[in-house]
Every structure is written in C-alpha cells, then in structure tokens.
Amino acid sequence: MKLSIIIPAKNEEGDVEDTINSIHDNLIISNIKHEIIIINDHSTDSTLQILNSLGKKIKELKIINNSGKPGFGIAIRQGLESYSGDIIAIVMADGS
C-alpha cells in the first residue's frame, strides 16, 4: 500500500522545507511507502528554489509548478490528478 501526500504551497519559504522533511522522515522511519506531491501555486518568494533543492535529495518528492490559474482549490485538484498511491492525505505546507 502506498500513501500519497498532497501539499499545495504558495509563498511558504519559511515552512515548506521543515514540513516536507518532517513528513518524509516520519514515513521512512515507519517504513511507509509514499510519495509527496507538492504544488507550487505561483509563489513569488524562494519556495520553488527550496522545493527544487529538496527534490534532489528526496526521491519520493514530486514537484508540480502550477502554470495555470492560481488558487488553493486548483492546486489541490492538480495534486489529485497526479497521485499514484492507494491512500491520499492533503496537508498544508506550513505543517498545520
């Protein structure tokens, strides 16, 4: 069984790295097969650069750059169109 974590992110440079690392580390420790799909929703800060750096370290991380209309719901929908797991969880990029 595989878990798909979907994370929409807009201007989350202060939180996104810790959130992804925490989720990934806990799933690895628990031996849970997973993917983390993060949708960059038109960020104007360094969110995308942080994600690209993390993508080089975390093979389970899939980065989608929303180039269409911005919006939380649209970002979630893009994640739901891209998952490959058996179970889905939607998590906020700030860890809440």
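I take a residue as buried when its relative accessible area is under 20%. The model I am reading is a predicted one.

**Entry 1, helix α2.** I looked up which residues of α2 are buried and found T47, I50, L51 and L54. They cover an arc of only 100° around the axis, so they sit on the same side of α2. On the face turned away from that buried side I noted the exposed residues Q49 and K56. I then checked what covers the buried residues of α2; the cover includes β1, α1, β2 and β3.

**Entry 2, the sheet.** I traced the strand order next. The sheet is open, has four strands in the order β3-β2-β1-β4, and its pairing is parallel. β3 and β4 stand at the edges with a single partner strand each, so one side of each has no neighbour in the sheet. Between neighbouring strands I get an average turn of 20°, direction ignored. Helix α1 packs on this sheet and touches β1, β2 and β3. The direction of α1 makes about 170° with that of β2. Helix α3 also packs on the sheet, with contacts to β1, β2, β3 and β4. For α3 the angle is about 155°, taken against the direction of β1.

**Entry 3, β2 and β3.** I went through this strand pair by itself. β2 and β3 pair in the parallel sense over five bridges. The chain gets from β2 to β3 through helix α2, residues 47–57, and this β-α-β crossover is right-handed. For single positions, I found N40 opposite N65 in β3. I also found that I37 has K62 in β3 as its bridge partner.

**Entry 4, helix α3.** I listed the buried residues of α3, which spans residues 72–80: they are A75, I76, Q78 and G79. Seen down the axis of α3, they fall within an arc of 160°, so they line one face of the helix. Their cover includes β1 (3–9), β2 (34–40), β3 (61–65) and β4 (87–90).

**Entry 5, L27.** I picked out L27, which is found in helix α1, residues 16–29. Its relative accessible area is 10%, so L27 is buried. Leaving out residues up to four places away in sequence, I found that L27 touches L3, I5, I32 and H34. I also took the distance from L27 to K57, which is 30 residues away along the chain; their C-alpha atoms are separated by 15 Å.

**Entry 6, salt bridges.** I searched the whole structure and got two salt bridges. In one, K2 pairs with E35, and the closest N and O atoms are 3.9 Å apart. K2 lies in the segment before β1 and E35 in strand β2, so the pair ties together parts that are 33 residues apart in sequence. I asked whether these two residues are buried or exposed. K2 counts as buried at 18% relative accessibility, and E35 is buried with a relative accessible area of 8%.

I then turned to E60, which forms a salt bridge with K59, the closest N and O atoms being 3.2 Å apart. E60 counts as buried at 15% relative accessibility, whereas K59 is exposed with a relative accessible area of 75%.

Terms used
Residues are numbered from 1 along each chain as its sequence is written. This is a predicted model: local features need pLDDT of at least 70, side-chain atom pairs count only at pLDDT 80 or more; totals for chains, interfaces and linings use all residues. Side-chain values use heavy atoms; hydrogens and water are left out. Buried means under 20% relative accessible area, exposed over 50%, partly exposed in between (1.4 Å probe, protein chains only). The arc is that of the directions from the helix axis to the C-beta atoms. Contact means heavy atoms within 4.5 Å. Two strands pair if DSSP finds at least two bridges between them. A crossover is right-handed if, with the strands pointing away from the viewer, the path from the first strand over the helix to the second runs clockwise. Axes are lines fitted to C-alpha atoms, for helices over the stretch in contact, and angles run from 0 to 180 degrees between N-to-C directions. A salt bridge is a side-chain nitrogen of Lys or Arg within 4 Å of a carboxyl oxygen of Asp or Glu.
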